[in-house]
Amino acid sequence: MEQAKYRHEYKYPLTKGQIIIEDARIKTIMARDKHVGPEGYYNIRSLYFDDYGNSCYMDNENGVDNREKYRIRIYNHSTERINLELKQKIRGKTSKSSCQITTEQCKKLMNGLIPSDIAAGQQVLHKLAYLMATRLMRPAVIVDYDRVPYVYRQKDANVRVTFDKNIKSVGNVLSFLDNTVQGRGVMPVGQALMEVKFDSFLPDEIYSLLQLQGLSASTFSKYYLCRKFAG
């Protein structure tokens, strides 16, 4: 299991004009993530889980600070690497734990079934299996989008700025591993979500990039909006 330390995370919904300005500014001091394709982005698809009381959804709606979400995540529609992740938010900071799962384990989970071959090292899967047995945790919605990522690593600074575009809510959870999925957009056409993530501090030169007129941090949750718009 991979355990990440707690990080700061800020989200900014952007208009088309703001995207152009912020992207041009960020390019001057940050580099594109090495995993992007020739188009300059990669696709992310996540299958989120919730329990019999829709606790994850309600925690978002009620603004509960300490909360957690389980999700299966793939990149560029590929099953070569399938991660099961536990994302936690505590006192405004976020952390992510993960373990790799097999395609067969993924298919079981998609159907709301607990895999029978959970390995000792798959600790996140052990936790999810317990919640599936005790709180009837089941797949709830697919969140699909394209991400343009930038990274900044200098001295003690570790900053990541991403632009998430074409955010789509997919209600058919059994289509998770399909090449294409049919869903509903959750933001106006042309808009995007900018996320700024950093460890201990945000360098001044990056902070200054965020001082754009009309730009303000939001509690925007892709999961929450996709649950609202799921068909």
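These are my notebook entries on strands, salt bridges and a pocket in a predicted model.

**Entry 1: strand β2**

I started with strand β2, which covers residues 7-14. Is it buried or exposed for the most part? I found that 6 of its 8 residues are buried, so the rest of the structure largely encloses this strand.

Next I looked up its neighbours. With strand β11 (residues 192-198), β2 pairs in the antiparallel sense, and I noted 7 bridges there. With strand β7 (residues 93-101), β2 is antiparallel too, over 2 bridges. I wrote down an example from each pairing. E9 has K197 as its bridge partner in β11, while H8 stands opposite K93 in β7.

**Entry 2: β5, β6 and β7**

I moved on to strand β5 (residues 67-75) and strand β6 (residues 82-90). They run antiparallel and are joined by 7 bridges. One spot to click on is I72, which stands opposite L84 in β6. The hairpin of these two strands has 6 residues between them, and N76 takes a positive phi there, near 55 degrees.

Then I followed β6 on to β7. How many bridges link β6 and β7? I got 9, again in the antiparallel sense. N83 has Q100 as its bridge partner in β7. The hairpin here has 2 residues between the strands, and R91 takes a positive phi near 50 degrees.

So β7 turned up twice in my notes: β7 pairs with β6, and β7 also pairs with β2.

**Entry 3: salt bridges**

A reminder to myself before the details: side chains of opposite charge can pair when their charged atoms come close. Searching the whole structure gave 17 salt bridges. I picked out a few.

D199 and R7 came up with their side chains meeting at 2.7 Å, N to O. D199 sits in the loop between β11 and α5 (204-207) and R7 sits in strand β2, so this pair ties together parts that are 192 residues apart in sequence. Are these two buried or exposed? D199 has a relative accessible area of 14%, so D199 is buried, the cut-off being under 20%. R7 is buried as well, at 17%.

E9 and K197 were next on my list. I already had them as bridge partners between strands, and their side chains also meet in a salt bridge, at 4.0 Å, N to O. E9 is in strand β2 and K197 in strand β11, so the pair ties together parts 188 residues apart in sequence. E9 counts as buried at 15% relative accessibility, and K197 counts as buried at 17%.

Last in this entry, D164 forms a salt bridge with K222, with the closest N and O atoms 3.1 Å apart. Why does this pair tie together parts that are apart in sequence? D164 lies in strand β9 and K222 in helix α6 (residues 222-229), so the parts they tie together are 58 residues apart in sequence. Both D164 and K222 are buried. Salt bridges with shared partners join E9, K11, K87, R147, D164, E195, K197 and K222 into one network.

**Entry 4: S221**

I then looked at S221, in the loop between α5 and α6. S221 counts as buried, at 9% relative accessibility. Which residue has its backbone nitrogen 3.1 Å from a polar atom of the S221 side chain? That is Y224.

**Entry 5: the second largest pocket**

I looked up the second largest pocket and got a volume of about 170 Å³. Its lining includes K165, N166, I167 and K168, and also G185, V186 and M187. P188, V189, G190 and Q191 are among the lining residues too. Which strand gives the most to this lining? Strand β9 (residues 157-170) does, with 4 residues. I sorted the lining by type and got 5 nonpolar, 4 polar and 2 charged residues.

**Entry 6: M58**

My last stop was M58, in helix α2 (residues 55-61). M58 is partly exposed, with a relative accessible area of 31%. I also checked M58 against V148: they are 90 residues apart in sequence, and their C-alpha atoms are 29 Å apart in space.

Definitions and conventions. Residues are numbered from 1 along each chain as its sequence is written. This is a predicted model: local features need pLDDT of at least 70, side-chain atom pairs count only at pLDDT 80 or more; totals for chains, interfaces and linings use all residues. Side-chain values use heavy atoms; hydrogens and water are left out. On a 1 Å grid over the protein atoms alone, a cavity is a set of points where a 1.4 Å probe fits but cannot get out, and a pocket is an open set with protein on both sides within 12 Å along at least five of seven lines; lining residues have an atom within 4 Å of a point. Grid points are joined across faces, edges and corners, and a volume is the space filled by probe spheres set on the points. Ala, Val, Leu, Ile, Met, Phe, Trp, Tyr, Cys and Pro count as nonpolar, Asp, Glu, Lys and Arg as charged, and the others, Gly among them, as polar. Buried means under 20% relative accessible area, exposed over 50%, partly exposed in between (1.4 Å probe, protein chains only). Two strands pair if DSSP finds at least two bridges between them. A polar contact is a pair of N or O atoms within 3.5 Å; within protein, one must be able to donate a hydrogen and the other to accept it, and residues adjacent in sequence count only if both atoms are side-chain atoms.
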